[in-house]
Amino acid sequence: MCGIIGIVSKKDFTSKFLLERLKRLEYRGYDSYGYYDSRDLKKYVGEIIVAGENKSRIGIAHTRWATHGGVTETNAHPHLSCDKDIVIVHNGILENFKELKEELIRKNHKFVSETDSEVIAHYFEEGLRNKDIKEVITGFLRETKGTFAILVMIKDKEEIYALKRDSPLVLGICKDMNILASDIYAFSDLTNKAVLFDNDEFAIITKDNYKFFNKNGRVIRKPIKKFVWEQEESEKQEYKHYMLKEISEEADVVKRLLFSLDNEQKTGFDKLINLIKESKKIIFASCGTSYHASLLGAYYLHQVGVEAQTLIASEFKHFANIDSDTLVIAISQSGETMDVIDALKYAKENNAKIVSIVNVPFSTIQRMSELSLNILAGQEVCVASTKAFVNQAALLLRVAQEFGFRVNLTNLAEKIKDLLDKKDEIRRLGERIAESRDVYIIGRGLTYPVAREIALKIKEISYIHAEGMMGGELKHGTIALIEEGTPVISLINNNDPDIISNTREVEARGAKVIIITNNKDLEKKKNTIHIRTGNDGKFGILATVAGQLIAYYAADKLGRPVDKPRNLAKCCTVK
Ligand code: F6R
């Protein structure tokens, strides 16, 4: 997964400005980066450093997450043709690049990198010998297999050529400039107007104009979409890390979501309820944190007699029988996770109805769905998803409420605030696990998805091995690993006797137990986070927030780069 940017402007902009835009896409991949403007080609390995006063009116940039070829300056984008007149950046994977490369080598093209993407620069160079640019692009769309969002510049031309298939690409229409980018985050502080590329479309972008074409090269008219985004959310403010800032926003964003489900999103919400009622089978498709939110959602729905299956998107086709009576609900923060997109393609081929619950407006997943609700969590800059989880779960709880789940959601935001006020107490517990090599988190029923999510956060942010599991599974093997001093976080819902007995089992083996509970009798117990709610639905969400804070403080104590954990880019399966 990578991020791309292209700018054509009426006025000069600096390389620093171009890199600032690229930095906003860094969550999409950050092992190396590069840019090309009218003066320079620069490539670097490592994190994007926003600097440079070179002035230009056109430029393209790329942040890379390596797929073909190692992490080197040579493999970083942009890539050049042999005569260095064609410059390209590419996000995606060209499946038939080997055949194309062999053909181009036969025609004497010299390749310098190990990437699939370099083929594009040489392909354009070769094509432009006897064809015009539109013919080259339509030929490219016919001859290539794979996924791509590509930006092409030709030396001394003040135009960018943009092509898309399956990888995200949008055009932001800003005052004095047009910006092409992998998503609207790149320019959401500059404009709220965007034009979205559909598959196999291309566009020619100049400083004050743009023209879209279909795969046959015919001009097409595209609507300008207006999006709403909270601009100030991208600033870190006084917080040490975005993760902490984003957790601190949870009360506000959940309020905003619940209000919108009864107001601006009410029609869509009612439609979703009807679709659930009409469908014979309901299957959630999602990955990572979004999967844990859907697992919690499935639990809520089961409590009120609505049966829903939850599948990890990358395994979707192996475990689901889909037909026209199936409703597939995709849950995705980014709306761009390729495993979810693939699951939806499979669901579509089998005539299922598709609904999505996403955070990023106009994302691919949203556009593949016949109905989509927005969780309105605002931009998540930190790689670890936190406030999006809260809003995904809150939306699903609101759905279950329509089917009879008894819960008062009006004070959920208040309860989150109360819990956040206990930060210092939770910090002490987070720091307690920081010295450990392994942590076990146990839950049952409602708290099983929560245990999985807390484990994911601990692994992702603090790099401590963590296992989130069903308390009932302990005795079937894992208990052997619990010894004197092993940290175990036990999630006790009310006075569930089974999880209480699992907690005793690990205590008996000398485990260092931390309890997260809403059980009043345990309030005074040592190393316990007590959450004031008698309601199961809310406890699931609040216990996760407590776990997010534990993970954060453990990572902070260890000095981990919290906002950017190693070897992982946000939505790492996005192409
Ligand atoms: C974990 C995290 C990932 C994402 C997963 C799915 O903190 O962020 O596990 O939840 O990659 O991404 P989305 O929700 O964008 O589909």
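**Figure 1. Overall fold of the predicted model, with 17 helices and 25 strands.** The protein comprises 575 residues, and its radius of gyration of 25 Å agrees with the value near 25 Å expected for a compact globule of that length. Along the principal axes, the C-alpha atoms occupy a box of roughly 80 × 50 × 45 Å. The accessible surface amounts to about 22600 Å², and carbon and sulfur atoms contribute 46% of this area.

**Figure 2. Burial and contacts within the protein.** Of the 575 residues, 62% are classed as buried. Among contacts in the protein with a separation of 6 or more, 71% are made by residues 24 or more positions apart.

**Figure 3. The shell of residues around the ligand.** The ligand is surrounded by 15 residues, of which Ser290, Ser332, Ser334, Thr337 and Glu460 are the closest. Classified by residue type, this shell consists of five nonpolar, eight polar and two charged residues.

**Figure 4. Polar contacts of the ligand with Ser290, Ser385 and Glu460.** A polar atom in the side chain of Ser290 is placed 2.5 Å from an oxygen atom of the ligand. Glu460 likewise contributes a polar side-chain atom, at 2.7 Å from a ligand oxygen atom. For Ser385, the contact involves the backbone: one of its polar backbone atoms is 2.8 Å from an oxygen atom of the ligand. The ligand taken alone would expose 410 Å², and the protein buries 93% of this area. Two elements each supply two or more residues to the surrounding shell, namely helix α8, spanning residues 288-303, and helix α15, spanning residues 447-462.

**Figure 5. Close-up of Asp342 in helix α10.** Asp342 lies within this helix, which covers residues 338-349. With a relative accessible area of 36%, Asp342 falls between the 20% limit for buried residues and the 50% limit for exposed ones, and is therefore classed as partly exposed. The view also includes Ser314, which is 28 residues from Asp342 along the chain. The C-alpha atoms of Asp342 and Ser314 are separated by 7.9 Å in the model.

Definitions and conventions: Residues are numbered from 1 along each chain as its sequence is written. This is a predicted model: local features need pLDDT of at least 70, side-chain atom pairs count only at pLDDT 80 or more; totals for chains, interfaces and linings use all residues. Side-chain values use heavy atoms; hydrogens and water are left out. A residue is near a molecule or strand if one of its heavy atoms lies within 4 Å of it. A polar contact is a pair of N or O atoms within 3.5 Å; within protein, one must be able to donate a hydrogen and the other to accept it, and residues adjacent in sequence count only if both atoms are side-chain atoms. Accessible areas come from the Shrake-Rupley method with a 1.4 Å probe; for residues, only the protein chains shown count as cover. Helices (H or I, at least four residues) and strands (E, at least two) are DSSP runs, numbered from the N terminus. Ala, Val, Leu, Ile, Met, Phe, Trp, Tyr, Cys and Pro count as nonpolar, Asp, Glu, Lys and Arg as charged, and the others, Gly among them, as polar. The radius of gyration is taken over C-alpha atoms; the globule rule is 2.2 Å times the number of residues to the power 0.38. Buried means under 20% relative accessible area, exposed over 50%, partly exposed in between (1.4 Å probe, protein chains only). Contact means heavy atoms within 4.5 Å.
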